[in-house]
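Welcome, and please open the viewer with both the cartoon and the residue labels at hand. We will go from one selection to the next.

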Amino acid sequence: MTKYPKKLLVIITEAALERELVRGVKKLGAHGYTVHDVRGGGSTGEREGAWEADRTIEMKIICDADVADRIAQHVLAMHGSNFGLTLFFADVSVLRMGKY
Amino acid sequence: MIDVVVLFFALGVFARLVKSDLRLPEALYETLSIYLLLAIGLKGGIELSSQPLLALAPQVGATMALGFVIPFVLFPLLRVLRLSGVDSAAVGAHYGSVSVVTFAVATTALARQQIPFESHAALWVAVMEAPGLVAGILLARWAQRGAAAGAVTRWGTLAHDVLFGKSVLLLLGGLLIGAIAGAEGAAPIRAVFIDPFKGVLALFLLELGLVAGARLGEVRRFGVAVLVIGIGVPPVLAVAGALVGVALGLSTGGVAIVATLAASASYIAAPTAMRIAVPDANAALSITVALAITFPFNLVIGIPLYIRMAQALT
């Protein structure tokens, strides 16, 4: 089975940003994304996701390394100073290269 | 005698304080809030079907103006309390907008005391949701002038979010459905949307108690200023609201409701709108004031007080 290397970019942030993130990642070249509702805590307190203003999302994007860099840079510049934000990359293997 | 629904709120806060594992599933919270908004709208709409619509125009105009003016009045007061410009604007927007649940509790308090009120009052709630948010954003832009040249307000997106957001859509949708169906047409759904209202409200208040209880710790973090704002601001705004109600020639119950709406702070529409439009405002500060202090204050002390005030004024 042939596998192809890609980047997985994971963005964990406030749910209020979801629409802007979706708009941004598509514009910057991602072919798709997946969003989960999550909860957790950090230096600024805990977010339990019990109601509207307390919701947190985790967005996963599989794409080429340069696209992942562009998206991360954009998100950090736009929202890094005002929103709770966690970003990380991972190397993943995919089966259908064109899909991502 | 304290209203039974308020006791549910107290139970929620207590559960948080003793670190109980009690949680209501988020899907239930969502369901209950959709139910309450629709039910409030429907109830108002059924009554609206027997009203001349044009006669309501002054009420709509005046309540909208009230919501719009509130952030401007609060801004200098909050600045005196050493809140930053954007925070003053954001907190003002929360007060300019309204809390639907506070409204619901006020109507049940009036009903319990058998004080009649304008049955289309839900219409005031629906139209008062947005103007305060717009005023808050304008103030924030003004406070940021020069400092944040990059800050752009996407007014189109904001208008879309507020007008077609859950609260206004369901309130106005319910009003419209109720108005079209009338009492007779709505009779088959009474058993779901009208009769169990208070029980559902009680359950929702249990959930809000849990949420508000979780934020009580934040009060300590922000100190005395949030207490002064959260308890000091509502009665002042209530007086302004009551005067508007009297000027409109509303009934005693109606005056109490407009006073309550003016005194209430939004914790659903406002936090979301402000987070996007004014991201550099401290969201935790506004939410703590609105939900952890003003909301319980209005529930326990404010609403009975505003009803008394309305009785004295009318």
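The tour below visits a chain contact, a helix pair and a sheet.

This is a predicted model, in which local features need pLDDT of at least 70, side-chain atom pairs count only at pLDDT 80 or more, and totals for chains, interfaces and linings use all residues. Residues are numbered from 1 along each chain as its sequence is written, while chains are lettered from A and ligands numbered from 1 in the order in which they are written.

**Stop 1: where the chains touch.** Select the contact (C-beta atoms, placed from the backbone, within 7 Å): chain A brings 10 residues and chain B brings 14 residues. On the chain B side, helices 2 (26–48), 11 (197–222), 14 (269–277) and 15 (283–313) each supply at least two residues; helices here are DSSP runs of H or I with at least four residues, strands E runs with at least two, numbered from the N terminus. Helix 14 of chain B gives the most, 4 residues.

**Stop 2: helix 14 and its partner.** Keep helix 14 of chain B and add helix 8 (residues 155–163) of chain B: their axes (lines fitted to C-alpha atoms over the stretch in contact, with angles from 0 to 180 degrees between N-to-C directions) come within 11 Å and cross at roughly 170°. Helix 8 and helix 14 of chain B are therefore roughly antiparallel (over 145 degrees). Show B:Leu158, B:Asp161 and B:Val162 from helix 8 against B:Ala269, B:Ala273 and B:Ala277 from helix 14.

**Stop 3: the sheet in chain A.** Here 4 strands form an open antiparallel sheet, ordered 2-5-1-6; strands pair if DSSP finds at least two bridges between them. Strand 2 (34–38) and strand 6 (85–94) of chain A stand at the edges, each with a single partner strand. Finish by zooming in on A:His36, opposite A:Glu58 in strand 5 of chain A.

Conventions:
Two residues are in contact if their C-beta atoms, placed from the backbone, lie within 7 Å. Angles under 35 degrees count as roughly parallel, over 145 as roughly antiparallel, 65 to 115 as roughly perpendicular and the rest as oblique.
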